[in-house]
Amino acid sequence: MPGMNDFGLEDAGFDVRNEPDGIVRVSLHGDFTEERARAIIGALRRVAESGREVLVLADAHHVGAIPASTRKVAAEEMRSARLDAVAIFGVSFSLGVVLTLLAKGVQIVTGQPYPQQFFGTEDEARAWLLAQRDAIRATRRPVA
């Protein structure tokens with residue numbers, strides 16, 4: 001039976017949740033398919049359209065393969081999405097290499113920086129995201 005998450009996406013292989021601190025937690029189980037890429041990026045696009053910061057906490061412990069076709073779709077989908085910060089934890093060396101290359105592809109396609117960092121633990125990743133959130137909010141404050 002498919003799972004339901006905070007964004008109404010039905011797929012037992014991934015979960016996208018809003019957390020109380022404003023972070024969007026993404027967990028993927030299995031291969032990262034083109035359909036999953038479109039659904040997850042679409043959910044993140046809706047967060048951006050709401051005016052919130054898009055702070056992504058990605059649990060990569062159970063990520064399977066990321067085929068070249070999915071990497072291409074993800075890079076293309078990111079043209080119309082804004083991510084303020086992406087913190088990834090639970091990454092194997094080989095997955096880290098693929099995700100780094102994907103981030104570089106997104107930067108090339110969008111012409112924008114892709115703020116992605118890898119962390120050893122969820123706590124470290126969350127702390128970095130909250131610091132990014134505070135920095136973003138500090139730059140948005142009106143000057144008196």
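## A guided tour of the predicted chain

Begin by selecting Phe119 and Trp128, both of which are buried, a word used here for residues with under 20% relative accessible area, while exposed means over 50% and partly exposed lies in between (1.4 Å probe, protein chains only). The structure holds 1 aromatic pair, and Phe119 and Trp128 form it, with 5.5 Å from centre to centre and 40° between the planes, an arrangement called tilted. Rings of Phe, Tyr and Trp (its six-membered ring) pair if their centres lie within 6.5 Å, with planes under 30 degrees apart counted as stacked, over 60 as edge-to-face and the rest as tilted.

Before going on, note that this is a predicted model, in which local features need pLDDT of at least 70, side-chain atom pairs count only at pLDDT 80 or more, and totals for chains, interfaces and linings use all residues. Residues are numbered from 1 along each chain as its sequence is written, and side-chain values use heavy atoms, with hydrogens and water left out.

**The whole chain**

Now show the whole chain as a cartoon, where you can find 4 helices and 5 strands, following the pattern β-β-α-β-α-β-α-β-α when read along the sequence. Helices (H or I, at least four residues) and strands (E, at least two) are DSSP runs, numbered from the N terminus. Of the 144 residues of the protein chain, 44% count as buried, and the accessible surface comes to about 7,700 Å², of which 56% belongs to carbon and sulfur atoms. Accessible areas come from the Shrake-Rupley method with a 1.4 Å probe, and for residues only the protein chains shown count as cover.

**Strand E4 and helix H2**

Select Ile88 next, which sits in strand E4 (residues 85–89) and counts as buried because its relative accessibility is 4%. Which residues does Ile88 touch, not counting residues up to four places away in sequence? They are Ala58, Ala60, Leu99, Gln116, Gln117, Phe118 and Phe119, where contact means heavy atoms within 4.5 Å. If you label the C-alpha atoms of Ile88 and Ala58, you will find them separated by 4.7 Å, although these residues are 30 apart along the chain. For the chain as a whole, residues 24 or more positions apart account for 70% of the contacts with a separation of 6 or more.

Move to helix H2 (residues 68–77), where Thr70, Val73, Ala74 and Ala75 are buried, and add helix H1 (34–49) and H3 to the view, since what covers the buried residues of H2 includes both of these helices.

**Salt bridges**

Side chains of opposite charge can pair when their charged atoms come close. The structure holds 12 salt bridges, each being a side-chain nitrogen of Lys or Arg within 4 Å of a carboxyl oxygen of Asp or Glu.

Select Glu19 and Arg126, whose side chains meet in a salt bridge (2.7 Å, N to O). This pair links distant parts of the chain, with Glu19 in the loop between strand E1 (14–18) and strand E2 (23–28) and Arg126 in helix H4 (residues 122–140), 107 residues apart. Glu19 is buried, with a relative accessible area of 19%, and Arg126 also counts as buried, at 17% relative accessibility.

Then select Glu34 and Arg38, which form a salt bridge with the closest N and O atoms 3.9 Å apart, and which both lie in helix H1, 4 residues apart, about one turn of the helix. Glu34 counts as partly exposed at 25% relative accessibility, and Arg38 is partly exposed with a relative accessible area of 39%.

Continue to Arg137 and Glu53, where the closest N and O atoms of the salt bridge are 2.9 Å apart. Arg137 lies in helix H4 and Glu53 in the loop between H1 and strand E3 (55–59), so the pair ties together parts that are 84 residues apart in sequence. Is Glu53 buried or exposed? At 9% relative accessibility, Glu53 counts as buried, whereas Arg137 is partly exposed, with a relative accessible area of 38%.

To see a wider arrangement, select Glu19, Asp21, Arg25, Asp59, Glu122 and Arg126 together, which salt bridges with shared partners join into one network.

**A patch on the surface**

Finally, turn on the surface and select Phe93, Val97 and Leu101, which make a nonpolar patch of about 350 Å². Patches are made of residues with over 30% relative accessible area and no salt bridge, with like charges joined within 9 Å and nonpolar side chains (Val, Leu, Ile, Met, Phe, Trp, Tyr) within 5 Å. Within this patch, Val97 has its place in helix H3 (residues 93–110) and is partly exposed, with a relative accessible area of 36%.
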